[in-house]
Amino acid sequence: MGDSLTNTAGHFFVTGDPMIIASDVAIVLVSLGIVFTLTYFKKWKWLWREWLTTVDHKKIAIMYLISAILMLFRGGVDALLMRTQLALPNMKLLSAEHYDQIFTTHGTIMILFMAMPFIFAMFNAVVPLQIGARDVAFPYLNAISFWLFFFGALLFNISFVIGGSPDAGWTSYPPLTELQFDPGVGENYYLLALSISGIGTIATGINFLATIIKMRAPGMTLMKMPLFTWAVLGTCIIILFVFPVLSVALALLLIDRLFGAHFFTMMYGGNPMQFVNLFWIWGHPEVYIAVLPAFGIYSEVVSTFSQKKIFGYKSMVASIMAISIIGNLTWVHHFFTMGAGPAVNTFFSITTMAVAIPTGVKVFNWLMTMYRGRITLSLPMMWVLAFIPNFALAGATGVWLAEAPTDYQYHNSYFTVAHFHQALIGGVVYGMLAGMYYWWPKMFGFKLKEKFGKWAFWFFNIGFYVCFIPQYVLGLMGMQRRMYTYTPDMHWTALNFVSTIGAYLMGIGFLCIAAQIIHSLVHMEKDLTGDPWGGRTLEWSLPSPPPHYNFAVIPQVSDRDEWWERKRRGEQDALKPRPEDIRNVHMPKNSGVPFLMGVCFFIAGFGFTFGWIAVGAAGLLGVLVCLAHRSLDQHPDHDIPADEIRRTEAALGRL
Amino acid sequence: MRPSWWKFAFTLAAGAGISLLTSGCGEEIRVFQPAGPVARSELELIWLQMGLTAVVIIPVILLLAWIVIRYRNKPGNRAPYQPEFAESRTLEIVWWAIPIVIVGILGTVTWHKTYALAQSPNPSKEPLKIEVMSLNWKWLFFYPDQKIATVNYAEIPTDRPVEFLLTANAPMNAFWVPNLGGMEYTMPGMVTSLWLQADKAGEYYGHGGNFTGPGFAQMQFRVVAKPQSDFDAWVRQVANSAPDMTKADYDKLTQPSVLGELSFSSYPEGIFEQTVMDEGGMYMDHDRAMLGNMMPHS
Ligand code: HEM
Ligand SMILES: [Cu+2]
Ligand SMILES: [Cu+2]
């Protein structure tokens with residue numbers, strides 16, 4: 001009896017591996033620390049009232065940002081473990097099983113629980129302010145999206161201490177992921193965590209699409225919209241096209257695993273190739289979902305720090321839209337080698353290369369925006385400048401991979417690993433960092449000090465090339481991805497060692513960013529102007545951070561760079577509210593239900609992961625109760641009286 | 001610290017330099033050491049794509065450096081400042097056109113090569129057929145005309161096209177011999193085909209190209225290319241001296257394990273086709289058609 005109990009516990013909690021035990025201990029200690037701090041400073045109520053129940057897009061943005069940075073840390077530690085294991089041949093740091101789990105969680109976390117929340121942090125922080133709106137179209141839904149992401153990420157992250165991590169790659173191809181080859185719970189974690197956060201993502205797509213279409217300030221026609229907002233619009237369109245496909249693919253695989261169906265086994269007429277197909281119908285556009293917002297950020301930053309209008313605005317809009325359409329027609333390049341035949345491969349080679357055309361146009365337009373401008377090398381701009389050569393290379397190698405005959409040689413090798421990291425780090429992460437530095441004062445009301453930021457920049461950039469350029473060569477030498485070890489006679493040692501050094505340099509870069517944030521918190525320098533960079537768009541006309549209703553009076557827009565034009569004409573004050581124009585403002589009420597709904601989804605996900613159908617069903621029932629509660633709520637909003645707004649604005653010195 | 005752009009160029013060059021130097025000056029860069037027409041044809045396209053993309057990215061990087069140096073916002077910079085300069089039809093036409101032309105060229109070449117590589121590199125010569133099965137975690141090669149089988153190595157004659165018929169009796173993998181040409185997936189219940197040919201005698205590194213679990217890193221094999229007469233001698237030697245593969249041996253091979261190289265003088269007839277059918281091929285019209293002319297009886 002006692003024996004079988006320890007046995008069950010042994011299966012439930014992952015034990016044995018010293019690194020995992022250390023993480024267990026660390027998690028318990030940190031959790032205790034958080035509980036203690038909150039209790040000691042009597043902050044529980046504050047946490048609940050100000051954060052857990054908020055529906056304010058600005059606070060949701062901050063919660064996304066914190067989650068993204070934490071996940072960048074987790075994914076980064078995974079990366080360093082892998083790079084350490086590969087630094088020398090026949091290393092014994094990680095076993096094959098452990099390495100497999102780590103590359104799986106690294107890839108999944110970086111894409112779904114780091115890049116996605118990071119872009120949503122930017123959406124939330126910026127879009128309503130940039131289009132002159134008081135919130136998103138559906139603030140309550142926005143909170144639900146966040147909590148679904150959060151609890152999805154939590155579910156995924158506990159896998160390595162409870163039950164075991166998924167270990168079949170972030171692409172999770174069957175039949176490797178079918179019960180026959182992968183009987184543990186890890187893969188269930190993957191499927192359920194992604195499904196839960198995926199629902200949140202679809203809701204975000206709908207929300208921001210509606211926000212941008214319906215809630216722009218009067219006068220802001222589509223062709224006067226800032227490019228970041230355009231990029232978000234393009235992104236939302238892609239999300240709505242492809243995330244449902246992922247949800248379906250994951251659900252079918254889950255049904256295979258939990259209920260013994262055969263959608264993706266070869267038996268009884270199912271077919272694993274269909275999963276590969278569905279996965280990439282989502283997976284390729286997913287990279288555009290991540291990179292388009294980054295492109296939007298580059299456009300804003302380049303224009304601001306060159307003190308010049310964006311060059312070729314119409315081309316920029318056209319290329320965003322072209323990417324969001326052509327990007328949906330290229331997915332087969334991820335499995336040219338599956339034998340679909342020359343006609344299919346030729347077609348998808350050409351559509352894939354075609355995406356490079358609008359992308360190239362954007363690069364030239366950014367260059368021309370700087371041309372005859374006045375370039376200030378502040379941190380956001382430095383990341384943009386570093387992005388350009390990086391992305392030029394990533395784009396070039398992307399075109400190489402796009403051609404089926406050569407993809408046959410690059411596919412699944414380190415060449416591919418180098419390519420997609422160059423696109424995902426040089427394109428997405430650099431963009432998100434640029435955006436974070438750029439909008440940080442707006443989000444938090446204080447500026448980040450540059451000192452550690454510059455260190456971070458140089459460590460990260462040099463580290464990047466040292467880490468990934470050798471990997472291109474390793475790929476051409478025949479080194480496959482997802483190998484946990486290699487032998488010395490392959491001659492891969494030197495390049496792998498160099499690559500690992502680069503990874504550590506990037507790790508130092510990350511620590512410098514952390515140091516920068518702490519340093520700036522300690523020596524806080526408030527942004528009193530609301531416009532620290534000489535901005536161009538409406539968000540910079542507001543105080544930092546903006547009051548929770550954003551605009552006391554919704555502005556009337558007449559130009560593309562409205563705020564810049566007003567400043568140029570000396571009309572800044574025209575964007576300040578006049579007391580007689582201030583009316584009551586209708587705002588949504590805070591609510592704890594989105595958070596609770598997240599908890600219910602978490603319970604459901606956890607139950608299904610372990611095949612405890614009753615627990616899963618109970619969680620889903622909880623979700624239904626939350627939905628019903630909302631449907632029956634007669635008064636989800638409230639009015640902020642005009643007087644209160646006048647007082648707030650006066651306190652901000654704007655009346 | 002004052003960012004300067006040559007540092008980027010420098011890092012880049014240094015990275016590339018180190019990479020090339022440390023890698024033994026090319027010998028081990030297998031994709032660049034083609035030993036046959038397929039790999040060579042792929043390498044030609046690699047050179048072409050490198051050249052054509054360099055036409056864009058080198059100017060972009062140089063232009064970036066020049067612009068950032070010239071238009072820095074520092075006192076006394078007398079370069080022109082035109083905050084309203086934001087449109088130029090001519091320029092925009094130029095950079096919509098350049099990538100279109102490049103993609104046009106690469107697209108045409110890709111089209112030709114994709115079709116060419118799906119066929120025998122030398123149709124006038126009678127090909128050798130090898131049936132390849134990826135298992136957890138080893139490679140099994142059947143020679144249907146020679147009736148022998150090997151594990152984790154294969155020998156082929158030089159100057160003769162080889163058609164590899166690929167399947168898996170385990171999760172999906174990929175068959176890759178970089179010196180000879182690109183990879184193709186092996187899938188349970190399905191047969192795919194890959195044409196390769198070696199011109200140069202030698203021993204070539206091969207490895208699984210698609211992750212299949214903990215033993216994946218050890219899924220290495222050799223392909224040995226030698227003149228036809230030597231190949232024939234090798235076949236005779238295996239046929240005369242190696243043990244038979246019984247059904248029981250085969251079943252044992254399909255169990256997860258990591259093995260060295262093995263040779264067999266015979267194998268259960270039709271085992272490759274039977275495996276394809278058992279693993280789900282019976283549900284696929286395409287497989288039945290493809291195997292129709294291989295199966296002894298169907
Ligand atoms: C910070 C520096 C990073 C380093 C040093 C790094 C390193 C690695 C390594 C060593 C692998 C495993 C390669 C293999 O064994 O096949 C890997 C895989 C991967 N990485 Fe990263 N990575 C980094 C950042 C990122 C970022 C920012 C993203 C995405 C936004 C990302 C996405 C991925 C993906 C999708 C995979 C594939 C996982 C799989 O094979 O299932 N990585 N990375
Ligand atoms: Cu893709
Ligand atoms: Cu198939």
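In this predicted model, the copper ion (ligand 2) is held by three histidines of chain A, with A:His284 coordinating through ND1 and both A:His333 and A:His334 through NE2, at 1.7 to 2.0 Å. Read along the sequence, these donor residues follow the spacing H-x48-H-H. The site thereby brings together distant parts of the chain: A:His284 belongs to helix H9 (residues 272–306) of chain A, while A:His333 lies 49 residues away, in the loop between helix H10 (313–326) and helix H11 (342–370) of chain A. A:His284 has a relative accessibility of 8%, and because buried means under 20%, this residue counts as buried. A:His333 is likewise classed as buried, at 11%.

A second copper ion, ligand 3, draws its donors from two chains. Here the coordinating atoms are the SD atoms of A:Met273, B:Met187 and B:Met190, at 1.9 to 2.6 Å. The two methionines from chain B are worth a look on the accessibility scale. B:Met187 has a relative accessibility of 3% and is therefore buried, and B:Met190, with a relative accessible area of 4%, is buried as well.

Stepping back to chain A as a whole, the fold contains 20 helices and 2 strands. Its radius of gyration is 25 Å, close to the 26 Å that the globule rule gives for 655 residues, so chain A is as compact as a globular protein of that length. Along the principal axes, the C-alpha atoms of chain A occupy a box of roughly 75 × 60 × 50 Å. Of the 655 residues in chain A, 64% are buried. Among contacts in chain A with a separation of 6 or more, 82% join residues 24 or more positions apart.

The surface of chain A can be described in similar terms. Its accessible area is about 22,400 Å², and carbon and sulfur atoms contribute 70% of that. Chain A carries 42 positive and 38 negative charges, whose mean positions lie 10 Å apart.

One further residue offers a handy landmark where the chains meet. A:Pro342 is part of helix H11 of chain A and, at 22% relative accessibility, counts as partly exposed. Leaving aside residues up to four places away in sequence, A:Pro342 touches B:Thr114, B:Tyr115 and B:Ala118. Looking back along its own chain, A:Gly327 sits 15 residues from A:Pro342, and the C-alpha atoms of the two are separated by 21 Å.

How values were computed
Residues are numbered from 1 along each chain as its sequence is written. Chains are lettered from A and ligands numbered from 1 in the order in which they are written. This is a predicted model: local features need pLDDT of at least 70, side-chain atom pairs count only at pLDDT 80 or more; totals for chains, interfaces and linings use all residues. Side-chain values use heavy atoms; hydrogens and water are left out. Donors are N, O and S atoms within 2.8 Å of the metal (3.2 Å for Na, K and Ca); water is not among the atoms, so sites may look incomplete. Buried means under 20% relative accessible area, exposed over 50%, partly exposed in between (1.4 Å probe, protein chains only). Helices (H or I, at least four residues) and strands (E, at least two) are DSSP runs, numbered from the N terminus. The radius of gyration is taken over C-alpha atoms; the globule rule is 2.2 Å times the number of residues to the power 0.38. Contact means heavy atoms within 4.5 Å. Accessible areas come from the Shrake-Rupley method with a 1.4 Å probe; for residues, only the protein chains shown count as cover. Lys and Arg count as positive and Asp and Glu as negative; His and the chain ends are not counted. The place of a charge is taken as NZ of Lys, CZ of Arg, CG of Asp or CD of Glu.
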